[in-house]
Amino acid sequence: MELPDRVPKERYYDPEFYRLETEQLWPRVWQMACRLEEIPRPDDYVTYEFLDQSVIVVRTEDLGVRAFQNACRHRGVQVAQGRGTCESGFTCPFHGWCYGADGANTFVSRAKAFSEHNLQPGDIDLTPVRCETWGGCAWINLSDEAPPLREALEPVASVLDAWKVESLHAEWWFACRLPANWKLAQEAFQEQYHVIQSHPQLVIPDRIPRPNRPFDPRAWLEAELHYLRMMSEGMDGMVHRSDVAVAEGIADMELPADPELAMATWQRALNDAVVAWHRGQGHDMPDLNELEAQSLNEPMGYCFPHYFVLPMYSSASAYRFRPLGPEETLMEIWSLTRFPEGTEREAPPPPEVWGHDDPRWPPIPAQDFSNIPKQQRGLHAKGFEYLRLSEQIEGHISNNHRVMDGFLAGLPYERLLPAMRSLNVNPLEMPVVDFEL
Ligand code: FES
Ligand SMILES: [Fe+2]
């Protein structure tokens with residue numbers, strides 16, 4: 001990046017740039033590997049795949065959640081596929097070497113046929129991968145030098161903790177294969193500038209009071225309810241249907257005639273009603289007005305480099321992006337909401353991967369997905385050189401690219417961490433941040 005508000009287009013398709021990312025970025029960052037409800041009981045495991053790597057994430061009886069490289073120490077065969085429960089550990093399908101859920105080698109058939117140096121204790125255990133949990137997810141990192149997860153995710157970790165993000169559970173989980181670079185795909189969800197053109201159903205004139213028009217609190221409230229229903233349609237967590245129902249339940253309240261006061265009164269009342277409803281259901285639910293007072297009620301929390309949560313009232317959508325190639329991305333969406341504490345919940349089944357134009361997509365992502373492939377193709381135009389960003393409202397995109405440049409240059413974490421802190425925030429309406437790397 002030479003100028004902070006111009007992104008050279010090659011960053012989105014050049015194979016050499018992609019190769020740099022695979023070498024200098026992905027092996028050095030914390031990646032969201034799975035949701036914890038995918039592995040609710042001891043011995044439950046999933047495999048997390050990125051680029052040419054496969055990592056086993058397993059819940060152990062007494063060592064918490066652990067991760068290992070998915071390669072038998074004999075001749076490299078992957079010992080686990082997909083997901084399951086490894087009650088008797090992992091058995092390699094090739095020659096039957098066995099490993100416990102703690103990764104320790106427990107059996108080598110015809111061991112006497114090997115020389116001692118190929119059966120060194122420890123050396124034939126599955127190779128551990130750093131793994132930590134936060135926010136209802138297990139995260140992995142291939143780098144030994146990386147800071148602990150929590151440090152790498154601040155300040156957003158604290159903001160989302162205050163909102164009790166760890167109490168959310170997945171209701172559903174969708175996946176999309178997008179013919180676009182993973183950064184391009186992700187950036188389509190990190191600014192609000194596109195909403196007016198791309199999501200016209202979310203632009204409801206009566207929601208925006210006009211200075212020279214009389215304000216009708218009733219019409220405003222109807223418009224607000226309409227907006228909540230539009231956000232909820234097919235998306236659930238992005239304004240959960242239970243929160244829409246709570247809003248409809250208090251919609252007969254009297255609002256002041258002053259627009260500012262009316263909107264503040266409604267927000268306060270709705271926050272309180274949502275909190276009361278969820279607590280009544282036995283859910284672990286933060287006090288939204290208290291969060292508001294501490295400026296901790298954010299509509300989005302970004303976790304560099306590939307995951308974010310979109311909290312709205314009680315619930316959220318969460319997005320994860322993984323490159324499948326320079327111009328192909330696997331994007332996943334979860335709808336997350338709260339359930340009574342202490343109840344065990346099965347994880348939703350892993351998603352069938354849909355095309356970007358699959359008719360089953362809810363309206364909001366369908367609209368975003370319709371633009372992304374056109375943008376990826378448009379970048380290749382001979383006369384197009386760079387993306388022209390607004391330094392005031394599309395700054396997060398720039399900040400992200402510049403931190404990435406720090407990774408690609410192989411800078412040490414102490415230099416990267418301060419800049420990462422300006423990324424792990426709410427990216428919407430974020431200006432270009434002037435950081436030194
Ligand atoms: S490759 Fe695993 S036992 Fe041979
Ligand atoms: Fe969008």
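## Burial and the model

A residue counts as buried when its relative accessible area is under 20%, as exposed when that area is over 50%, and as partly exposed in between. The structure described in this report is a predicted model, and the terms above are applied to several of its residues.

## The iron site

The iron ion (ligand 2) is coordinated by His194 through NE2, by His199 through NE2, and by Asp368 through two OD contacts, at 2.1 to 2.6 Å. Along the chain, these donors follow the spacing H-x4-H-x168-D. The angles among the 4 donor atoms run from 53 to 150 degrees, and the site is classed as irregular. The reasoning is that a tetrahedral site would need all angles to lie between 85 and 135 degrees, whereas the angles at this iron ion begin at 53 degrees and reach 150 degrees.

Are the two histidines of this site buried or exposed? His194 has a relative accessible area of 16%, and is therefore buried, because the cut-off for burial is 20%. His199 is buried as well, with a relative accessibility of 2%.

## Tyr193 and the loop before H5

Tyr193 is located in the loop between helix H4 (182-187) and helix H5 (195-198). Its relative accessibility is 55%, so Tyr193 counts as exposed, while His194 is buried. Tyr193 also illustrates how the chain brings together residues from separate parts of the sequence. Tyr193 and Glu429 are 236 residues apart along the chain, yet their C-alpha atoms are separated by 8.1 Å.

## Packing of helices H6, H7 and H8

Two packed helices are described by the angle between their axes and the distance between the axes. Helix H6 (residues 217-232) packs with helix H7 (residues 241-249) at an angle of about 165 degrees, and their axes are 10 Å apart. H6 is therefore roughly antiparallel to H7, because angles over 145 degrees fall in that class. The crossing of H6 past H7 is left-handed.

H7 packs in turn with helix H8 (residues 259-280), at an angle of about 120 degrees and with 9 Å between the axes. This pair is therefore oblique, and its crossing is right-handed.

The loop between H6 and H7 contains Val239. The phi of Val239 is near 75 degrees, which is a positive value in a residue other than glycine. With 0% relative accessibility, Val239 counts as buried.

## Helix H11

Does the length of helix H11 agree or disagree with the value expected at 1.5 Å a residue? The 14 residues of H11 (residues 395-408) should span 20 Å, and the C-alpha atoms at its ends are 20 Å apart, so the two values agree. The expected span is 1.5 Å times one less than the number of residues.

Of the 14 residues of H11, 13 are buried, and the helix is therefore largely enclosed by the rest of the structure. After H11 comes Gly410, which has a positive phi near 75 degrees.

## Backbone features in loops

Most residues other than glycine have a negative phi, and most peptide bonds are trans. Leu51 has a positive phi of about 50 degrees although it is not a glycine. Leu51 lies in the loop between strand S3 (44-50) and strand S4 (53-59). Its relative accessible area is 31%, so Leu51 is partly exposed.

Which residues are joined by a cis peptide bond? One such bond joins Glu154 and Pro155, with omega at about 5 degrees. Pro155 belongs to the loop between helix H2 (149-153) and helix H3 (156-162). Another cis bond runs from Phe304 to Pro305, with omega near 5 degrees. Pro305 is placed in the loop between strand S13 (301-303) and strand S14 (307-312).

## Distances across the sequence

Asp144 lies in the loop between strand S11 (137-141) and H2. With a relative accessibility of 67%, Asp144 counts as exposed. Asp144 and Arg28 are 116 residues apart in sequence, and their C-alpha atoms are 8.5 Å apart in space.

Met1 lies in the segment before strand S1 (6-8). At 21% relative accessibility, Met1 counts as partly exposed. In sequence, Met1 and Leu389 are 388 residues apart, while from C-alpha to C-alpha they are 12 Å apart in space.

How values were computed. Residues numbered from 1 in each chain as written. Chains lettered and ligands numbered in written order. Predicted model: local features only at pLDDT ≥ 70, side-chain atom pairs only at ≥ 80, totals over all residues. Heavy atoms only, no water. Donors = N, O, S within 2.8 Å, 3.2 Å for Na, K, Ca; no water. Tetrahedral: all angles 85-135°; square planar, octahedral: opposite > 155°, others 65-115°. Buried < 20%, exposed > 50% of the residue type's maximum accessible area, 1.4 Å probe, protein only. Helix = DSSP H or I, 4+ residues; strand = E, 2+ residues; numbered from the N terminus. Axes fitted to C-alpha atoms, helices over the stretch in contact; angles between N-to-C directions. Parallel < 35°, antiparallel > 145°, perpendicular 65-115°, else oblique. Left-handed = near helix turned anticlockwise from the far one by under 90°.
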